[in-house]
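This report looks at how side chains are packed in one structure and at what lines its largest pocket.

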Amino acid sequence: MTGDNKERLSIRLHVYDTDMSVTIPRADEECYRLGAKLITDVVNSYSSVYKGRKSEKEILYMALIDIALRYEKEAKRHDVVPVTDILTKLTVEIEEALGDNK
């Protein structure tokens, strides 16, 4: 969570078939609402295919895995560690090369 903890907001979220009250940092309201909508959309998508063939619990787990996979793929796309490692190595090489010319 981000945002200022002093500025809290109580909101109601509709997540799939459940309404829930949550107290959140005011700055995060849009993210919470978008997250609730994403969960609802993904569960509805799986329910439309598997309802009656899989248990509600299995459908929820499929949706969780789907969302977790999206999160992991996005996190890898924004992983700066490999870039930072390359920049560090290049910096060392440049500094060594410049040091040899002095």
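Helix 1 gives the most to the lining of the largest pocket, with 5 residues, and strand 1 joins helix 1 in supplying at least two residues each; helices (H or I, at least four residues) and strands (E, at least two) are DSSP runs numbered from the N terminus. A pocket here is an open set of points on a 1 Å grid over the protein atoms alone, where a 1.4 Å probe fits, with protein on both sides within 12 Å along at least five of seven lines, and lining residues have an atom within 4 Å of a point. The model is predicted, so local features need pLDDT of at least 70 and side-chain atom pairs pLDDT 80 or more, whereas totals for chains, interfaces and linings use all residues. Residues are numbered from 1 along each chain as its sequence is written, and side-chain values use heavy atoms, without hydrogens and water.

| Feature of the largest pocket | Value |
|---|---|
| Volume | about 160 Å³ |
| Nonpolar lining residues | 7 residues |
| Polar lining residues | 1 residue |
| Charged lining residues | no residues |

Among the lining residues are Leu 13, Val 15 and Ala 36, and these names recur in the largest nonpolar core, which has 7 residues, including Leu 13, Val 15 and Ala 36. Such a core is a set of buried Ala, Val, Leu, Ile, Met, Phe, Trp, Tyr and Cys residues joined through side-chain atoms within 4.5 Å, where buried means under 20% relative accessible area (1.4 Å probe, protein chains only).

Ser 47, in helix 1, is buried, with a relative accessible area of 8%, and, leaving aside neighbours within four places in sequence, Ser 47 is in contact (heavy atoms within 4.5 Å) with Tyr 16 and Ile 59.

Methods:
Buried means under 20% relative accessible area, exposed over 50%, partly exposed in between (1.4 Å probe, protein chains only). Grid points are joined across faces, edges and corners, and a volume is the space filled by probe spheres set on the points. Ala, Val, Leu, Ile, Met, Phe, Trp, Tyr, Cys and Pro count as nonpolar, Asp, Glu, Lys and Arg as charged, and the others, Gly among them, as polar.
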